[in-house]
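Reader: I would like a close look at the aromatic rings and the nonpolar packing around them, set out as one connected account.

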Amino acid sequence: MNRTLHFKTLLFMFVGIISNAQTIVWTGAASDTNFFTEANWKDSVTNAVPESNTINPGTNINLALQINTPATITASGSIQFGSGSLALGSATVSATSLSGGTVTINEGGYLNLSAASPLLNTVQINFTSGLGWIRTANTSATTISTTNLGQIKVNGAASVYQTNLRLDHYYLSGCVIRANIASTTPLTVYDGINSLGNSAAITVNTIHIGSSIAGSMNNKINSFVLKKGYIVTLAINEDGTGKSKNYIASETDLVINTLPVALRNSISFIRVLPWNWVNKKGRTDYDTDLNSTWVYKWNNNQNSTLDWEYAPMSWTYTGANDAADITLYTSKYNSTHVMGFNEADDCNGQAGQYPSGPTVGKLCNPDVAVSYYKNLMKTGM
């Protein structure tokens, strides 16, 4: 009898552990895409729909929620966790804020938050992929940096801005929070049209040229998919010159089913960079209030800040004449553009007077300027 009772007790405990380990997965089975509609969820083991009022806005959710299927989901309010959590992948969720619990952003997980205070009550965030974000439309990168970094991890490690975490400003008042992982592959290239044939995944930041392009895809690319939040530069020559094109995937993934004729089976230069959401308006100073989001300073020795993207300028040929200059530009964190020269057509003043010597050798001579400008194209910016 004692052995039987002991066995039943252990069995009860075991079943309880399994029950507590169950997750509630998104099905989208209801007629809406409302995060808080219980009919859109089911128990991963029993397939039962959660009880009414267990997934409500502004009320503690004590369930382990998981979204792994492509969907665009709206949460009409704050997603508030008690002992619950959310693992988000392959879907986009929009809400006002997060509160409590743990939220994991997996590959393809995009969470857009609209509140001025979007990360409440010590909610813990963990990014496992560079292909996913939390976008705070009304909270700046500076505010996130000073207020919320302690709540954010990358693959379980404490977040360090620029080292394993990016805080990219989203236009004037927002921020895109995402992992900074060197192995992230935002670009997939194909040797057939319509994303068919052999494929290769291209990593971020690195300049890929010639035979170093993954999958032996040098001079074979005909189509590609670029994940949102990234920009790619493609060129037919290994130094970034010749026929070239920039593609930006800002708000949605970019699918190019057929490259322009000049690029088909001809690409030998690729560079993917994280996109940074700037307004059109730029300026020449960091501390004047013109509601701008990018700056330049007639030099190449500044850096981007949490509030502004810095566009380095090769004011004269001296900023574009050797490999060290290219290394300088490509090392600029959060710079996607480089500016080539300043009033170079003026042979008697400004940048056009350099190099010294007769007019034919100065930057105001188009052939001279082009030769240096070609060097800048090696940046892939």
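To start from one place, are Trp26 and Trp41 buried or exposed?

Author: In this model, which is predicted, both Trp26 and Trp41 are buried. Their rings form one of the 15 aromatic pairs. The two ring centres lie 5.1 Å apart with the planes at 85°, and because planes over 60 degrees apart count as edge-to-face, the Trp26 and Trp41 pair is edge-to-face. The pair links distant parts of the chain, since Trp26 belongs to strand 1 (residues 24–26) and Trp41 to strand 2 (residues 41–43), 15 residues apart. A second edge-to-face pair is made by Phe35 and Phe36, whose ring centres are 5.3 Å apart and whose planes stand at 80°; Phe35 and Phe36 are both buried as well.

Elsewhere, ring pairs join Tyr110, Trp133, Tyr170, Tyr171 and Trp277 into a cluster. Tyr110 also has a charged partner, for the charged end of Lys228 sits over the ring of Tyr110 at 4.0 Å from its centre. A similar arrangement involves Lys245, whose charged end sits over the ring of Tyr247, 5.5 Å from its centre.

From the rings we turn to the nonpolar packing. The largest nonpolar core has 43 residues, and those with the most contacts inside it are Leu187, Phe224, Val232, Leu259, Ile270, Val272 and Leu363. Among the elements that give two or more residues to this core are strand 18, strand 19, strand 21 (223–226), strand 22 (230–235) and helix 4 (366–376). Apart from this core lies another, of 39 residues, which includes Trp26 together with Ile24, Ile61 and Leu111.

Within the largest core, Leu363 can be followed outward: leaving aside residues up to four places away in sequence, Leu363 touches residues including Thr316, Tyr317, Phe341, Tyr354, Pro355, Val368 and Tyr372. Leu187 leads instead to a strand pairing, since Leu187 stands opposite Ile202 in strand 19, and four bridges join strand 18 (residues 187–190) to strand 19, the two running antiparallel. In a regular strand the side chains alternate between the two faces of the sheet. Strand 19 (residues 199–202) shows such an alternation, with Ala200 and Ile202 pointing to one face and buried, whereas Ser199 and Ala201 point to the other face and are not buried.

Conventions:
Residues numbered from 1 in each chain as written. Predicted model: local features only at pLDDT ≥ 70, side-chain atom pairs only at ≥ 80, totals over all residues. Heavy atoms only, no water. Phe/Tyr/Trp six-rings, centres within 6.5 Å; stacked < 30°, edge-to-face > 60°. Buried < 20%, exposed > 50% of the residue type's maximum accessible area, 1.4 Å probe, protein only. Lys NZ or Arg CZ within 6 Å of the ring centre and 35° of its normal. Pairing = 2+ DSSP bridges. Core = buried A, V, L, I, M, F, W, Y, C linked by side-chain atoms within 4.5 Å. Contact = heavy atoms within 4.5 Å.
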